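Please open the model in your viewer, with the sequence alongside, and follow the stops below in order.

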Amino acid sequence: VHEIKNLEKSFVRVNVIYQVRDPSSVILSWLRYQSRNPGFNAEINGQILADYMKKSYRSIYEMIQLKDGLVVDYLDIKNKQTEVLNSIYTMIWPKEQSDQTLLLDDINEKSIIATARSTRLKMGSPFLGKKEGSGNDPEELFDDFFASNKHEIECCYDFYNKILALSSLS
């Protein structure tokens, strides 16, 4: 934040985009990815993972208090991709928005194609599983984690909901 403030003192415009996701979805995704790839941050599991997530959501919320920015929820990226991209473009190029509608529509279309799961699969991304969604591990497999870290997960949701309250998209 200090460095951002220094840049702004030099008349550099700094735009910040805060991307968040439902805490349970993040945790399930993390645990499932770890299950498929045991070497992935193997030291971050159990209580350490719950604390890490709580600190992450708290840090984002605290950062927003210091530096305003666009809040984008992962579900909005999936369900309202064009609207999210338009919000980002409007933030970056506020004056050009009305003059460049056709160009921005073209950029949106190409961005959606470039980031589509099918495109990324063709590129051989090791991050993606063979199918979208829940993966091979049923949610119930992680019930113990959620039960033993209930307080930390509730804290994540508290910060997540406060962050979303600052968003105009959600």
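Select helix H2 (residues 23-36) and then display what surrounds it: the buried residues of H2 are covered by parts of the chain that include H3, helix H8 (143-148) and H9, where contact means heavy atoms within 4.5 Å, and where helices (H or I, at least four residues) and strands (E, at least two) are DSSP runs numbered from the N terminus. This is a predicted model, in which local features need pLDDT of at least 70 and side-chain atom pairs count only at pLDDT 80 or more, while totals for chains, interfaces and linings use all residues. Residues are numbered from 1 along each chain as its sequence is written, and side-chain values use heavy atoms, with hydrogens and water left out.

Staying on H2, you will find that 10 of its 14 residues are buried, buried being under 20% relative accessible area, exposed over 50% and partly exposed in between, with a 1.4 Å probe and protein chains only. Among the buried residues are Pro-23, Val-26, Leu-28, Trp-30 and Tyr-33. From its first C-alpha to its last the helix reaches 20 Å, close to the 20 Å expected at 1.5 Å a residue; the expected span is 1.5 Å times one less than the number of residues. At the start of H2, look for the side-chain oxygen of Asp-22 that comes to within 3.2 Å of the backbone nitrogen of Ser-24.

Next, show the rings of Trp-30, Tyr-33, Phe-40 and Tyr-52, which ring pairs link into a cluster. Rings of Phe, Tyr and Trp (its six-membered ring) pair if their centres lie within 6.5 Å, and planes under 30 degrees apart count as stacked, over 60 as edge-to-face and the rest as tilted. By this rule the structure has seven aromatic pairs. One of them is the tilted pair of Trp-30 and Tyr-52, with 5.7 Å between centres and 45 degrees between the planes; this pair links helix H2 to helix H3 across 22 residues of sequence. Trp-30 counts as buried at 12% relative accessibility, whereas Tyr-52 is partly exposed at 39%. Tyr-33 and Phe-40 form an edge-to-face pair, 4.7 Å centre to centre and with 90 degrees between the planes; here Tyr-33 is buried at 12% and Phe-40 partly exposed at 25%.

Now turn to the charged side chains. Side chains of opposite charge can pair when their charged atoms come close. How many salt bridges does a search of the whole structure find? There are four, a salt bridge being a side-chain nitrogen of Lys or Arg within 4 Å of a carboxyl oxygen of Asp or Glu.

Select Glu-8 and Lys-67, whose closest N and O atoms are 2.4 Å apart. Glu-8 lies in helix H1 (residues 2-9) and Lys-67 in the loop between helix H3 (46-66) and strand E2 (70-73), so this salt bridge ties together parts that are 59 residues apart in sequence. Lys-67 is buried, at 11% relative accessible area, while Glu-8 is partly exposed at 26%.

In H3, select Glu-62 and Arg-58, which form a salt bridge at 3.9 Å and, being four residues apart, are separated by about one helical turn.

Finally, move to helix H9 (residues 150-165), where Lys-162 and Asp-158 meet in a salt bridge at 3.5 Å, N to O. Lys-162 also lies over the face of Tyr-61, at 5.5 Å from the ring centre; a charge sits over a ring if NZ of Lys or CZ of Arg is within 6 Å of the ring centre and within 35 degrees of the ring normal.

Terms used:
A polar contact is a pair of N or O atoms within 3.5 Å; within protein, one must be able to donate a hydrogen and the other to accept it, and residues adjacent in sequence count only if both atoms are side-chain atoms.
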